[in-house]
Amino acid sequence: MPEKPLTVATYAAGASLAAITLFYVFAPNYFLDNDSNLTRKRGVVGLSNPANDCFINSVLQALAGLTDLRIYLIRENHRRNIDEPWVYHEIVEDPTRRNIPDWKAQGLQAGLVTKGLKDILDALNERPIYKKTISAAGFIRVLEGAFKQRISRQQQDAQEFLQVVAERLCDEYHAGRRARQAARKKGNIDAPVDKSAPIDGDAVEERLAKLVVYESGSTDTIQSEGRISSIEAEVLAARDEDEEGFPMEGTYESQIECQKCGFKPRPTESTFCTLTLNVPQSSSTSLNTCLDGFFKTEYVDDFKCEKCRLVHAKELLEVELSRSGGSEISRANMQQAIAKLQHAINTDPEHPPVDVELPPLRDAPKCKIAKYTRLTSFPKIMAIHLSRSIYNSISQKNSAKVAFPERLLMGSLLNRKRYKLLGTVTHKGSHHSGHYESFRRQNVSLPFSTPNAFQASGVFTKSATSSPVSTPRVSAIQKSGEPSPVASTPDLGFSSAGTSLSNQSIDGLPRPSTDSTPQASANTNCRSSSRRSATFMLKDRDLDAISLKSVAASARSTISRISNSAKNSRPSSPSNKTPVAPTTTNGKEVAPKKKNSTKPKRRKHNDRWWRISDEKIKEAKTSEVLGMQREVYLLFYELERESPAES
């Protein structure tokens, strides 16, 4: 039998090795999530630029910082994963575009670009502990396969790439929604049957009952079945309306008004994924001025109004009727045509009577109209493109300064929307060449953040702050009257109160109480006898258990010393400093005076940005982002929630 000191030394060596292993496994992730010193964080994942891909890299980095877009990609891919494959295999025709080839419609319903964009954005949102660079070639191959075209690597426009990606994502969402609606209408009648699956007896009986009802010809039952089916259709329609759509899609309507007759035709509604604003040719301007230029009332001359055309035709018929002395039949026809024109003028001037011949359109009177545009549906993500192109004899770039705010107000007073700036894309150079960079806010929003890896918190918690309560220790329920000797041994865990583990002794750790354990008989004699037996067992315990306690304590102290040394080795963490206890004066605690230190002020979390130029990444401030007025090209605003969690 080996000697006891040799056994204790073996246990101590094993515990120390285990402690060092735990430190090297869990410490990088722990310190990355809880370190307040941002200089230790090496940034985000960069993108390589092998062949003039800065226009692709800048847009992808900006999209990677949009929280609502990532949530949409997760939800949309999850829908396609949980649905049956046949839902998206059968092609559903788009009523607005009827000449789409089958391969393209199949790709839209399958969500090829949606899946590819989710993969690249997940890779870009990884939090590396060292400098890391990946390639966007995988996403480019997905995009080229979806369109069956090759993307040129020459000097390209970032806005055109963004528009292609955003409109493709929007088309894939609507194609998938139409496929789901068609599948709900069809039901499970035409669905492929898996012969290996067990037969659902309830479904068979329900189908047979319906067949019996229809064969019997019961009118009341058939009418009730029809009402039930109509209710189910209404429920499905309501479910489709409640479905959250593509977050970058918005709608605006254009309305014209004739300044002569006051007629307003039906407004024209259009959808957009990127809002293009023209930058005026001046030395400096603002984003609100560009928005006012897009939504301002515009006056157009020499317009042919439909109502004015009908009024003109009616006046010509009235003049001809007063001058002509023709037959009664011709006069009656003219009076009938005048009545039809008057009815169309009063009801719907856009649809003139078919059997009335109107004068040529070139002879219709010209009038002045007012045209104005307004947003009818605000997107969750407002992507704004500042058009800086000037087309004269040659194409030039408009280098005017455009001041843009960090928070943007949109809508009317009764329908106010607040947007927060999350990313920008800037361009340096001329109209034909240059380089794109992106600025991305350092926001790690739920459910992607892990504020504290060693505390219990839900995936979709409402608050961004982690719970101060640590993970509870669960003890096994003892069925017998005697407590287990293992229950009295404290477990290894991190303190949630912020105190060091080395300051806690083994006796000071919480132990599960044997009194709270449910017993078969709960009388006082049994509890006292169990306490006496537990005390007797603790006294007679072998000395090896006591040595295990000391080994565990030494292991915890080793972990605390290693963590403290790692923290003290950082530039911002003060070393060799002991906390000063507060003094008491007249029974009240008085905090000690702080000494003047040269510790730099911590930057606010909302003020942190990444400036990304391909694989080069460095930190930036909000003032630096807002100062890129001459280079700003694309702006990404996200709609603020009613109770937003501080990012």
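**Exercise 1. Where is the place of asparagine 52?**

Begin with the ground rules. This is a predicted model, in which local features need pLDDT of at least 70, side-chain atom pairs count only at pLDDT 80 or more, and totals for chains, interfaces and linings use all residues. Residues are numbered from 1 along each chain as its sequence is written, and side-chain values use heavy atoms, with hydrogens and water left out.

Solution.
- Step 1. Find the neighbouring elements: helices (H or I, at least four residues) and strands (E, at least two) are DSSP runs, numbered from the N terminus.
- Step 2. Asparagine 52 sits in the loop between strand E1 (46-47) and helix H2 (54-64).
- Step 3. Check the backbone. Asparagine 52 is not a glycine, yet has a positive phi of about 55 degrees. Most residues other than glycine have a negative phi.
- Step 4. Check the cover. Buried means under 20% relative accessible area, exposed over 50%, and partly exposed in between (1.4 Å probe, protein chains only). With 38%, asparagine 52 is partly exposed.

**Exercise 2. Is aspartate 302 buried or exposed?**

Solution.
- Step 1. Locate aspartate 302: it lies in strand E7 (residues 298-304).
- Step 2. Read its phi. Aspartate 302 has a positive value of about 55 degrees, although it is not a glycine.
- Step 3. Apply the cut-off. The relative accessibility of aspartate 302 is 58%, so it counts as exposed.

**Exercise 3. Which strands stand at the edges of the open sheet of E4, E3, E8 and E7?**

Solution.
- Step 1. Write the order: the 4 strands run E4-E3-E8-E7, with antiparallel pairing. Two strands pair if DSSP finds at least two bridges between them.
- Step 2. Strand E4 (268-272) and E7 are the edges. Each has a single partner strand, so one side of each lacks a neighbour in the sheet.
- Step 3. Add the twist: it averages 35 degrees from one strand to the next. Axes here are lines fitted to C-alpha atoms, for helices over the stretch in contact, and angles run from 0 to 180 degrees between N-to-C directions.
- Step 4. Inspect one pair. Strand E3 (residues 250-258) and E4 share 5 bridges in the antiparallel sense. Glycine 250 stands opposite phenylalanine 272 in E4.

**Exercise 4. Which residues of H13 are buried?**

Solution.
- Step 1. List them: Met334, Ala337, Ile338, Leu341, Ala344 and Ile345.
- Step 2. Turn to the face away from the buried side. Exposed residues there are Glu328, Ile329, His343, Asn346 and Thr347.
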